[in-house]
Structures are given as structure tokens and as C-alpha cells.
Amino acid sequence: DGGDWVINGNKMFITNGTVCDFMIVYCLTNPEEEARHKRFSLILVEADRPGVTRSKIRGKMGIRATDTAAITFEDVRVPQENLVGIEGRGFYHLMHFFDCTRTMVAAQGVGLAQGALDKTVRYVRERHVFGKPLAVNQGVQFQLAEMATRVELARNLAYKAAWQADRGQLDPAVSAMAKDYAGETAVWVADKAVQLHGGYGYIDEYDVQRFYRDAKILEIYEGAKEAEKLTIARRLL
Ligand SMILES: Cc1cc2nc3c(=O)[nH]c(=O)nc-3n(C[C@H](O)[C@H](O)[C@H](O)COP(=O)(O)OP(=O)(O)OC[C@H]3O[C@@H](n4cnc5c(N)ncnc54)[C@H](O)[C@@H]3O)c2cc1C
């Protein structure tokens, strides 16, 4: 409109939404464009622009230390120069962004799973049942071994994706594998960790329950795990 973009719409679930100073907003700018992927652009919006409303989302299952917001845009005017990248290339810019950030979420998964494993190893050595540490049971050892193996696999995939990114050779399929597998591993290992802590795993005296609650988001945000699988399958077909 004149020299400005005028933005309307809303978006749920924005990390740091109520504390950020500016946002990169994915906008429909070229609706008449025949190719669907060429209809969008990225526009920088300062958070204090008139028409921006930000509401904190409460009651999250996990990652409660991070802020999550719902954001509404009502006739928000920003100057044309707030365009980020190239007009009509927003979808491609966004996909490139995800190719990078998926690896970061994979690293979160590896860290969470390793932390849950470490706490569990400590616990099964300390906890005595019928006069013996839990750790002497082979059934417990088998579970620890499988947890450690999956953590190591997830770590190696995350390292490979990060190594490729460092070399400027991003491979979307590998970063999708890393994020998908590390997220699944975090959920799986955290579940085992709570199980091996028994009743104490279920109460907040031991913070392994926090790992369990924090893990699930890794299969949902930055692309749900099904979206990662589609990216991987696209490489195969
Ligand atoms: C705490 C938190 C923080 C977030 N932070 C951000 C952020 O900073 N920025 C941002 O843009 N978004 C953010 N999100 C949004 C997040 O990326 C989305 O919630 C997620 O991508 C899933 O989208 P949706 O909720 O619309 O699920 P829907 O699209 O409604 O899908 C629901 C479920 O259906 C399944 N599904 C969907 N499509 C398919 C398909 N094609 N094939 C098979 N299964 C499918 C998946 O299991 C999916 O989880 C955040 C979400 C949360 C909860």
C-alpha cells in the first residue's frame, strides 16, 4: 500500500514472542503468482509496531523456561525496505532456515537424551532393591545399553548434519534425519529414564520427569516428525 507493506493475520506458538524486539514474518505477498511456492515473502516487523498484539501462552507441558506466544497482526504497516531477502522467495528462504535449525533441534535432543541417561546411570547404581543396586540386574543393563546406543547414533547424525552445514554443504535429508531421530531418541530415552527411576521418577524430587516433559516438543516443533520423514522420503523417490 503506497511504500508500505500492510500485514494482517495471526500465528500461534512463537518462541520468545512476548520478549522479542522484532520478528521475521512469513507473508503472502504475491497471491496471483501461479506457482504456490513463489507467493510468499519474509518481512521484518518491529514488535512495537501499532497493530501487533502478543499474548503469552501458558500451561505448556514442558520447556517452561522458554517463552511461547500467540501473535496477531491487524493492519500492521511496515516500510518496503523491511523485506528480508527477495520478494516471492520467502518459501525458499524459510526452507533454508529450517535446513539449519533442524540440526540445532537435533542437538537439543542429543543433550536431553544424554542428560536423562546420565541421571539414570547414577540412580540405578545408588538405588538398592532387596539389598542390591538396581544396576546389577541384566534387564536394567540391557536398557542402559540400548539407551546409550541410541544416544550415540543420534549424536553422530547431529554431528554429520552440523559438519555439512559448517562446510556449506547442507543436506536437507540428513538434517531431517538428525532432527527426526534425535527427537525420537529423546522421547524414548526419557521414557526409559522415568521407568528406571520407578515411583521417584514420577515426582519432582527427581528432575527426570522434567526431561520426559521437555522431550516431546522435539517431535513437534521446527517441523513435526512426519514433516521430517517427508523430507527424507523426497530424497529417496
Ligand atoms: C512450544 C512451541 C514452540 C513453538 N515455536 C514456534 C516458533 O518459534 N515459530 C513457529 O513458526 N512455530 C513454532 N511452533 C509451532 C510448531 O512448529 C507447530 O506446532 C508444528 O510445526 C506443528 O504444526 P501444527 O501445530 O499446526 O500441527 P498440525 O499441522 O495441525 O498437525 C498436527 C499433527 O498432525 C500430524 N501431521 C500434520 N501434517 C501431516 C502430514 N502431512 N502427514 C502426516 N502427519 C501429519 C503431525 O503429527 C502433527 O503434529 C511452536 C510450537 C510449540 C508447541
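Two strands count as paired when DSSP finds at least two bridges between them. With that in hand, let's walk through this predicted model, starting from a pair that meets the criterion: strand 1 and strand 5 (residues 68–79) run antiparallel and are joined by nine bridges. If you would like a spot to look at along this pairing, find W5, which stands opposite V78 in strand 5.

Now widen the view to the sheet. It is open and built from three strands in the order 1-5-4, with antiparallel pairing. Strand 1 and strand 4 (52–56) form the edges, each pairing on one side only. From one strand to the next, the twist averages 5°.

Strand 1 also leads us to the ligand. Spanning residues 4–15, strand 1 gives the most to the shell around the ligand, contributing four residues. The shell has 13 residues, and the closest are K11, F13, T15, I217 and E226. Both domain 1 (7–84) and domain 2 (93–236) supply at least three residues each to this shell. Sorted by class, the shell holds seven nonpolar, two polar and four charged residues.

Which atoms should you zoom in on? Begin with the nitrogen atoms of the ligand: a backbone N or O atom of F13 lies 3.0 Å from a ligand nitrogen, and a side-chain N or O atom of T15 is 2.8 Å from a ligand nitrogen. On the oxygen side, a polar side-chain atom of E226 sits 2.8 Å from an oxygen atom of the ligand. As for cover, the ligand taken alone exposes 960 Å², of which the protein buries 48%.

Technical notes: Residues are numbered from 1 along each chain as its sequence is written. This is a predicted model: local features need pLDDT of at least 70, side-chain atom pairs count only at pLDDT 80 or more; totals for chains, interfaces and linings use all residues. Side-chain values use heavy atoms; hydrogens and water are left out. A residue is near a molecule or strand if one of its heavy atoms lies within 4 Å of it. A polar contact is a pair of N or O atoms within 3.5 Å; within protein, one must be able to donate a hydrogen and the other to accept it, and residues adjacent in sequence count only if both atoms are side-chain atoms. Accessible areas come from the Shrake-Rupley method with a 1.4 Å probe; for residues, only the protein chains shown count as cover. Helices (H or I, at least four residues) and strands (E, at least two) are DSSP runs, numbered from the N terminus. Ala, Val, Leu, Ile, Met, Phe, Trp, Tyr, Cys and Pro count as nonpolar, Asp, Glu, Lys and Arg as charged, and the others, Gly among them, as polar. Domain bounds come from an automatic or database domain assignment. Axes are lines fitted to C-alpha atoms, for helices over the stretch in contact, and angles run from 0 to 180 degrees between N-to-C directions.
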